[in-house]
Each structure stands twice: as structure tokens, then as C-alpha cells.
Amino acid sequence: MKDHWDGNPASCPVGLAINTIGGRWKLHILRTLVLDGPQRYNRLLESVEGISAKELTRNLRQLESAGLVGSITIDLGNAYDLTGLGRQIEGPFRALGIFGAALAHERRARRS
């Protein structure tokens, strides 16, 4: 990691990634696209529990602007999908899934 970072927080690759995909909703939107593939707007709205239409639109625009999500045409309608760059998040999501499973296991063990 140090090979790619000059010590300036503004140029830190991890910081850039966090700033790009951070926030309350972006990871949930990306998770849905990673797990379920292309999604129409209303399906995304249903899939991301608790998000408002205004927030979904705002976050989709930010993800599109970052080059992670794009609009595609399927079944005579538009849908959102990961771009080539956006697909690179699949590996980190797999790692988060492994971490999440370990976290759930630890929580169950603590309750016992």
C-alpha cells in the first residue's frame, strides 16, 4: 500500500475509495447490483431498505459520476448496472461477506 501513497491523505487510495463509495446508501446500492445484477430503478428502491426515492436518485448520480454504475437498456426499459470499474468491487464485497460471516459467528458465540 505504501508504494501507492505519498503520505498525503488526499492521495491515499483507501481514502479515495471510502470517499467515493462511503455514506449511508452507496454500499447498499452496490451490494444489490453485485448480488442481483442489473436492476430497474423501482426494484433498486425496493431492494435498499429505508432509502427514499430522492436519496436513491442522488446516490445513483454520484455512483454514475464516479464511473461505477451506468444505465443500460434491458427488456425495452432502462436499468442500472455496474460498469467495468464498478465490477472491481466484487472482490472486496466477497471479503466483506467472509468478514460478515465471522462477525455473525462471533456475536452468536458471545450470546451463548
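**Exercise 1. In the hairpin of strand 1 and strand 2, which residue takes a positive phi?**

Before we start: this is a predicted model, where local features need pLDDT of at least 70, side-chain atom pairs count only at pLDDT 80 or more, and totals for chains, interfaces and linings use all residues. Residues are numbered from 1 along each chain as its sequence is written, and side-chain values use heavy atoms, with hydrogens and water left out.

Step 1. Find the strands. Helices (H or I, at least four residues) and strands (E, at least two) are DSSP runs, numbered from the N terminus. Strand 1 covers residues 69-74, and strand 2 covers 77-82.

Step 2. Check the pairing. Two strands pair if DSSP finds at least two bridges between them. Here strand 1 and strand 2 pair in the antiparallel sense over 6 bridges, and Ile74 has Gly77 of strand 2 as its bridge partner.

Step 3. Look at the turn. The hairpin has 2 residues between the strands, and Asp75 is the residue with a positive phi, near 45°.

**Exercise 2. Work out the overall layout of the protein.**

Step 1. Count the elements: there are 6 helices and 2 strands. Along the sequence they run α-α-α-α-β-β-α-α.

Step 2. Get the dimensions. The C-alpha trace spans about 45 × 45 × 25 Å along its principal axes.

Step 3. Look at burial. Buried means under 20% relative accessible area, exposed over 50%, partly exposed in between (1.4 Å probe, protein chains only). By that rule, 26% of the 112 residues count as buried.

Step 4. Turn to the surface, with accessible areas from the Shrake-Rupley method (1.4 Å probe; for residues, only the protein chains shown count as cover). The protein exposes about 7,800 Å², and carbon and sulfur atoms supply 55% of that.

Step 5. Try contacts, meaning heavy atoms within 4.5 Å. Among those between residues at least 6 apart in sequence, 43% join residues at least 24 apart.

**Exercise 3. Describe the largest nonpolar core and where strand 2 fits in.**

Step 1. Pin down the term: a nonpolar core is a set of buried Ala, Val, Leu, Ile, Met, Phe, Trp, Tyr and Cys residues joined through side-chain atoms within 4.5 Å. In soluble globular proteins, nonpolar side chains tend to be buried together.

Step 2. List the hubs. The largest core has 17 residues, and Ile29, Leu30, Leu44, Leu60 and Val69 touch the most other members. Helix 2 (26-36), helix 4 (53-65) and strand 2 each supply at least two residues of this core.

Step 3. Zoom in on Val69. Leaving out residues up to four places away in sequence, Val69 touches Leu30, Leu33, Leu60, Leu63, Glu64, Tyr80, Asp81, Leu82 and Thr83.

Step 4. Ask how covered strand 2 is. Since 5 of its 6 residues are buried, strand 2 is largely enclosed by the rest of the structure.

**Exercise 4. Compare Pro38 and Gln39: buried or partly exposed?**

Step 1. Place them. Pro38 is in the loop between helix 2 and helix 3, and Gln39 is in the loop between helix 2 and helix 3 (41-47) too.

Step 2. Read the accessibility. Pro38 counts as partly exposed at 35%, whereas Gln39 is buried at 7%.

Step 3. Go through the contacts, skipping residues up to four places away in sequence. Pro38 touches Ile72, Ile74, Ala79, Tyr80 and Asp81. Gln39 is in contact with Thr32, Leu33, Leu44, Ser47, Ala79 and Tyr80.

Step 4. Follow one Gln39 partner. Ser47 sits in helix 3 and is buried, with a relative accessible area of 17%. Apart from residues up to four places away, Ser47 touches Arg31, Thr32 and Gln39.

**Exercise 5. Locate Arg108 and say how exposed it is.**

Step 1. Arg108 is found in helix 6 (residues 90-111).

Step 2. Its relative accessibility is 49%, so Arg108 counts as partly exposed.

Step 3. For a distance, take Gly22: the C-alpha atoms of Arg108 and Gly22 are separated by 28 Å, and the two residues are 86 apart along the chain.
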